[in-house]
Amino acid sequence: PEFWAVIPAAGVGARMRADRPKQYLRLGERTVLEHTLNCFLGHPTLKGLVVCLSEDDPYWPGLACAGDPRIARAAGGCERADSVLNGLLHLLSLGAHVDDWVLVHDAARPNLCRDDLNLLLGELAEDAVGGLLAVPARDTLKRAGKDGRVRETIDRSVIWQAYTPQMFRLGQLHRSLADALVSRATITDEASALEWAGHAPRLIEGRADNIKITRPEDLEWLRERWASRE
Ligand code: C5P
């Protein structure tokens, strides 16, 4: 089987309170999205890459990589899962096989390192289901009531934070995601679609610094790291 990547990049990033979606904010010399795409573009194992973009996205054409023939474009959807589904359909239209692997990675995670990507590819290549990069919970975890008071402390030894890339078979992911969306299940990542379909994705421990930029301080934190790198 071949390996493909889908990068959903059609979000608006409202929690960043910026003048443009977070994937188009600068991180060092380039935008967040360009760094994310570069993690995958240079990889020898990957056959192709699809980026999911809003139909009225005015920023993409200005990127240096916009005309790169290795990058295919698909339309974004209302929710992340809709964008990913469009990306998978595009892969099928490019001739990808249902048994091929697809890695779905958030555009807003530009700090994925090559070692983690290789770890995921290596650990899951023979797996029956697939899985995802994830990080074990570090802090003590509380379940809150609506009043903002602690109801209980949760056993953190079984809790993980789901990161990306998430790697599944194209056919199985497409079916699970499409069925889950039709059933209006809450799907916030690819693994939750597979879980909904009765599968148990494998957790592969990755680096905690593969963060998803969500709030302004996340980007500040990455900018400091980039400044010492460039
Ligand atoms: O909003 P959130 O941080 O969860 O988004 C995760 C990723 O999914 C981002 O890269 C974002 O651009 C993408 N996304 C998308 N289509 C949407 C919503 C989010 O491609 N409708």
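In the predicted model, the chain folds into 6 helices and 11 strands. The radius of gyration of the chain is 18 Å, close to the 17 Å given by the globule rule for 230 residues, so the chain is as compact as a globular protein of that length. Measured out along the principal axes, the C-alpha trace covers about 55 × 40 × 35 Å. Buried residues account for 38% of the 230 residues. Contacts also reach across the sequence: of those between residues at least 6 apart, 70% link residues at least 24 apart.

A good place to begin a closer look is strand β1, which takes in residues 3–8. This strand is mostly covered, with 5 of its 6 residues buried. Two pairings of β1 can be followed here. With strand β4 (residues 46–53), β1 runs parallel, and 6 bridges join the two. Within this pairing, Ile7 has Val51 of β4 as its bridge partner. With strand β6 (residues 101–104), β1 pairs over 4 bridges, again in the parallel sense. Here Trp4 is found opposite Val102 of β6.

The ligand offers a second point of interest. Around the ligand there are 17 residues, and those that come nearest are Pro8, Ala10, Gly11, Ser83 and Ala107. Pro8 belongs to the span of β1, residues 3–8, and so links the strand described above with the ligand shell. By residue class, the shell around the ligand comprises 7 nonpolar, 6 polar and 4 charged residues.

Key:
Residues numbered from 1 in each chain as written. Predicted model: local features only at pLDDT ≥ 70, side-chain atom pairs only at ≥ 80, totals over all residues. Near = placed C-beta within 6 Å. Nonpolar A, V, L, I, M, F, W, Y, C, P; charged D, E, K, R; others polar. Rg over C-alpha atoms; globule rule 2.2 N^0.38 Å. Buried ≥ 20, exposed ≤ 12 C-beta atoms within 10 Å, placed from the backbone. Contact = placed C-beta atoms within 7 Å. Pairing = 2+ DSSP bridges.
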